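Colleague: Could you take a close look at one part of this model and explain it for a first-year student? Please state each criterion when you use it.

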Amino acid sequence: MVCAGQNLTFSNDAGAPAASSGELPIGTKIKVTNLANNKTTTVEITSTSGSCALLNAAAFEQVREPGKNVIRQVRVERVGAGAGAGAGAGGNQGAGNQGAGNGGNQAGGNQNGGDQNGGAVGEVVCQGSTVTLSGEAGAPAASSGTFPVGTKLKVTNLDNNKSTTVEVTSASGSCALLNNAAFEQVREPGKFLIRKARIERVG
C-alpha cells in the first residue's frame, strides 16, 4: 500500500481514466479503493502532479460518493511497476504538462518535503503543491497534513490572482485542502484544481 494517510481528489482533466502523481513514476499502475463505499478503480500514472495520487475526472467518477470531491478513507495500492524509483519517495517533482481541462505547465516542487516544521510566518511554503477542495460545507477553512490546526494560510490562485486567507481546522493528506467556501473565493469557473498556487503561512 502506498500514499498511506493521504486523502485523494481529482484534477477535472478529461480523457480515459488515469492518474497523476508526484511520488510514483509515470507508467505505474495503482488500484484506488474508496473505503467509504468499497468502489475501486485501477489506473495508470500518466503525468506528474503535487499529490501522491490525483485522479482525472473519469477515474474519480468510478469511485466517488455523490457530491463529494475528496476521498478521505482511501487505500492506494501499487499493482504495476513504472520505470524508475519506488513508491513513497516524496522527492522533487519535475515540471509536467497537465492535459486537457486545466492545461498549462505546473512548476515542480518538493511537496511536504522541506516544510515539515511549518515554515516561518510570511514564508511561501509547499512549493509546487496543487490546491483542490474537499466538498465540505461551513465557513471558509482548510485542512492540512503539513501544518498544525490553528495555522493561518494565504492561498493565491496565480491564474486569476484571487486569494483567500483561511485557518487550518483539520488534518488531511494535502499541504492545503480548501473547503467549498474557501475554494469558491479563488477558483476559476468550472475548475476543481488550482495548478498554479502560492501558499503562504501568515499566522
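Modeller: The disulfide between C3 and C52 is left-handed, because the torsion about its S-S bond is about -60°. In general terms, a disulfide is a covalent bond that links the sulfur atoms of two cysteines. The criterion applied here is a pair of cysteine sulfur atoms within 2.5 Å, and the structure holds one such pair. Between C3 and C52 the S to S distance is 1.5 Å. C3 belongs to the segment before β1, whereas C52 is in the loop between β4 (39-47) and β5 (54-55), so the disulfide ties together parts that are 49 residues apart in sequence. Such elements are DSSP runs numbered from the N terminus, namely helices (H or I, at least four residues) and strands (E, at least two). Both cysteines, C3 and C52, are buried; this word stands for under 20% relative accessible area, with exposed meaning over 50% and partly exposed in between (1.4 Å probe, protein chains only).

The model is a predicted one, in which local features need pLDDT of at least 70 and side-chain atom pairs count only at pLDDT 80 or more, while totals for chains, interfaces and linings use all residues. Residues are numbered from 1 along each chain as its sequence is written, and side-chain values use heavy atoms, with hydrogens and water left out.

From strand β1 we may turn to the aromatic rings. Rings of Phe, Tyr and Trp (its six-membered ring) pair if their centres lie within 6.5 Å; planes under 30 degrees apart are called stacked, over 60 edge-to-face, and the rest tilted. This rule gives two aromatic pairs. F10 and F60 form a stacked pair, because their ring centres are 4.6 Å apart and their planes meet at 25°. Since F10 lies in strand β1 (residues 8-10) and F60 in helix α1 (residues 57-63), the pair ties together parts that are 50 residues apart in sequence. F10 is buried, at a relative accessible area of 4%, and F60 is buried as well, at 0%.

The rings of F10 and F192 have centres 5.1 Å apart and planes at 35°, so this pair is tilted. F192 is found in the loop between α2 (180-184) and β16 (193-194), and F10 in strand β1, so the pair ties together parts that are 182 residues apart in sequence. F192 is partly exposed, with a relative accessible area of 23%. Together, F10, F60 and F192 make up one aromatic cluster.

Charged side chains also lie over rings of this cluster. A charge sits over a ring if NZ of Lys or CZ of Arg is within 6 Å of the ring centre and within 35 degrees of the ring normal. The charged end of R64 sits over the ring of F10, at 5.3 Å from its centre. R187 lies over the face of F192, 5.0 Å from the ring centre.

For the surroundings, consider strand β17 (residues 197-201): four of its five residues are buried, so the rest of the structure largely encloses it. Strands pair if DSSP finds at least two bridges between them. Strand β10 (residues 124-125) runs antiparallel to β17 and is joined to it by two bridges, with V125 as the bridge partner of I199. β13 also pairs with β17 in the antiparallel sense, over five bridges, and there V155 stands opposite I199.
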